[in-house]
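The exercises below concern the contacts that hold a protein–DNA model together, and each task is followed by a solution in steps. Please keep the structure open while working through them.

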Number of protein chains: 2
Amino acid sequence: MDKIESNTEEKIFNAATEIFITKGFDGARMQDIADFAGINKAALHYYYRSKKRLFDAVFEKIANQILSRLVFVLDENLTLEEKIKYFFREHISFLQNNPTLPTFVVNELNRNPEKIKKFIQKINLKELGSKLENQHKEELENYNITKETIPMLIVSIAALCVFPFVDRVLIESVMKEIGYNFDDYMVKRKEHLSDFVIKAILK
Amino acid sequence: MDKIESNTEEKIFNAATEIFITKGFDGARMQDIADFAGINKAALHYYYRSKKRLFDAVFEKIANQILSRLVFVLDENLTLEEKIKYFFREHISFLQNNPTLPTFVVNELNRNPEKIKKFIQKINLKELGSKLENQHKEELENYNITKETIPMLIVSIAALCVFPFVDRVLIESVMKEIGYNFDDYMVKRKEHLSDFVIKAILK
DNA sequence: GTCTATAGAAGGATAGAC
DNA sequence: GTCTATCCTTCTATAGAC
């Protein structure tokens, strides 16, 4: 992705990312990672001490990558509709380039719920919520949104965006069966979803 | 769930279901399953020969359970809106009782894409599609639905319904943080989603 | 820092008694 | 059919040479 992998530590990290994402923690083998990195197995322990630590390093990096792409929602120059459009367009593009990330993250959070606390602390939900509410206070009157339905809306937007990737293998097969191509489908879906959601929330 | 587990085979099967669902294939241990069933490890191999076969038996049963709950979509006495309402209400109720199933199925399909072929053959998508189209031909004129957006709609409905369970741990934590309870939230969500979707597709 | 060799533990599977 | 004991492979992790 970024620069050419220079040192061994980086090679190991990149190989581990690849292997952990495709096979999960339990399915991944240190030998697989070593082979993929073109390096000896002992080096993995030299740099990362244990499989668990190596995994945690990979997960941490990925979690931060995802979070850092969401800061735009606080941009005060964007209207609510612009944010929705922006979210679908940017986030689906990101997932198109990293289609296996959602499954990986979901699995890890399921197996290791305590990691979520870190996640949540980083975001500081309540502050985020009130900031957003202030930013769009007047706008909200044009929409069919109440304090009660805000969590519904947020989960729905996330669902519409992320689900096709989590369930990708199934949806890809179904699309092929009826003559669609998954990537083309997702390209169209980006624009479709904005209209879909905005229509649903307009008064 | 059903009757009291009578024989050993059934005990093993139920224990395996529990363990495989919570830990996945790679994470599950034959010893865990044996302990959970209150039976010896050798018995597992006596009845199911290998871990893989035991797993496949469990997966097959669950896949059929899910599919069998979807036949109502072909009920010709229901309008399109009724089917949408029915789907959200019934399917979310089912998932509330089996909240860990989506993750389990998604993971297995990701690791073993060839299983999807079986799935798809059982459904016979094209026939299903044309039957549905005929059933609702006149109705469709009231909605903002074209041949192009049907796959969008179906994926969206599935996403809105299933995603909260796939990503349950995260959403549950977020809800708790802002003072909501996941189960209460999902109860409300059932009704909310019908309105949301129907509003989005109305002309 | 990187390699080879190997320790040591865990897990799937089977043999054989009952 | 069910159990104990055990085989054999696989995997993480480390020791020690270079």
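**Exercise 1.** Determine which side chains of the predicted model place a polar atom by a phosphate oxygen of DNA strand C, and describe the surface near this strand.

*Solution.* Step 1: begin with A:N40, where a polar side-chain atom lies 3.0 Å from a phosphate oxygen of DNA strand C. Step 2: turn to A:T8, for which an N or O atom in the side chain is 2.7 Å from a phosphate oxygen of the strand. Step 3: in chain B, the side chain of B:R29 has a polar atom 3.0 Å from a phosphate oxygen of DNA strand C.

Step 4: widen the view to the 14 residues that surround DNA strand C, the closest of which are A:T8, A:N40, A:Y47, B:M30 and B:K51. Divided by class, the residues of this surface are seven nonpolar, four polar and three charged. Step 5: assign the residues to elements, whereupon α3 (41-48) of chain A and α3 (41-48) of chain B are each found to supply at least two residues of the surface near the strand. Step 6: from the side of the DNA, 65% of the strand C atoms within 4 Å of the protein belong to sugar or phosphate, and the rest belong to bases.

**Exercise 2.** Describe the interface of chain A and chain B by its buried area, its polar pairs and the elements of chain A that take part.

*Solution.* Step 1: count the residues in contact, which gives 51 of chain A and 51 of chain B. Step 2: take the buried area, which is about 4,500 Å², with carbon and sulfur atoms giving 72% of it. On the chain A side, A:M152, A:F163 and A:F196 lose the most area to chain B, and together they account for 14% of what that side buries.

Step 3: search for charged pairs, for which the rule finds two salt bridges across the interface. One of them joins A:K188 to B:E148, with the closest N and O atoms 3.2 Å apart. Step 4: count the residue pairs in polar contact between the two chains, both partners being at pLDDT 80 or more, which gives 13.

Step 5: list the elements of chain A that give two or more residues to the side touching chain B, namely α1 (8-27), α6 (101-111), α7 (115-123), α8 (125-135), α9 (150-166), α10 (168-177) and α11 (182-201). The largest share, 12 residues, comes from α9(A). Step 6: sort this side of chain A by class, which yields 31 nonpolar, nine polar and 11 charged residues.

**Exercise 3.** Into which domains is chain A divided, and what lies across the interface between them?

*Solution.* Step 1: chain A is divided into domain 1 (3-49) and domain 2 (62-202). Five residues from domain 1 of chain A and five residues from domain 2 of chain A take part in the contact. Step 2: the C-alpha centres of the two domains lie 31 Å apart, and the domains bury about 400 Å² between them, 71% of it on carbon and sulfur atoms.

Step 3: across this interface the rule finds one salt bridge, while it finds zero residue pairs in polar contact with both at pLDDT 80 or more. The side of domain 1 that touches domain 2 in chain A divides into three nonpolar residues, one polar and one charged. Step 4: the side chains of A:D26 and A:R111 meet in a salt bridge with an N to O distance of 4.0 Å.

Methods. Residues are numbered from 1 along each chain as its sequence is written. Chains are lettered from A and ligands numbered from 1 in the order in which they are written. This is a predicted model: local features need pLDDT of at least 70, side-chain atom pairs count only at pLDDT 80 or more; totals for chains, interfaces and linings use all residues. Side-chain values use heavy atoms; hydrogens and water are left out. Domain bounds come from an automatic or database domain assignment. Contact means heavy atoms within 4.5 Å. Buried area is the accessible area (1.4 Å probe) that two parts lose on being put together, summed over both. A polar contact is a pair of N or O atoms within 3.5 Å; within protein, one must be able to donate a hydrogen and the other to accept it, and residues adjacent in sequence count only if both atoms are side-chain atoms. Ala, Val, Leu, Ile, Met, Phe, Trp, Tyr, Cys and Pro count as nonpolar, Asp, Glu, Lys and Arg as charged, and the others, Gly among them, as polar. Helices (H or I, at least four residues) and strands (E, at least two) are DSSP runs, numbered from the N terminus. A residue is near a molecule or strand if one of its heavy atoms lies within 4 Å of it.
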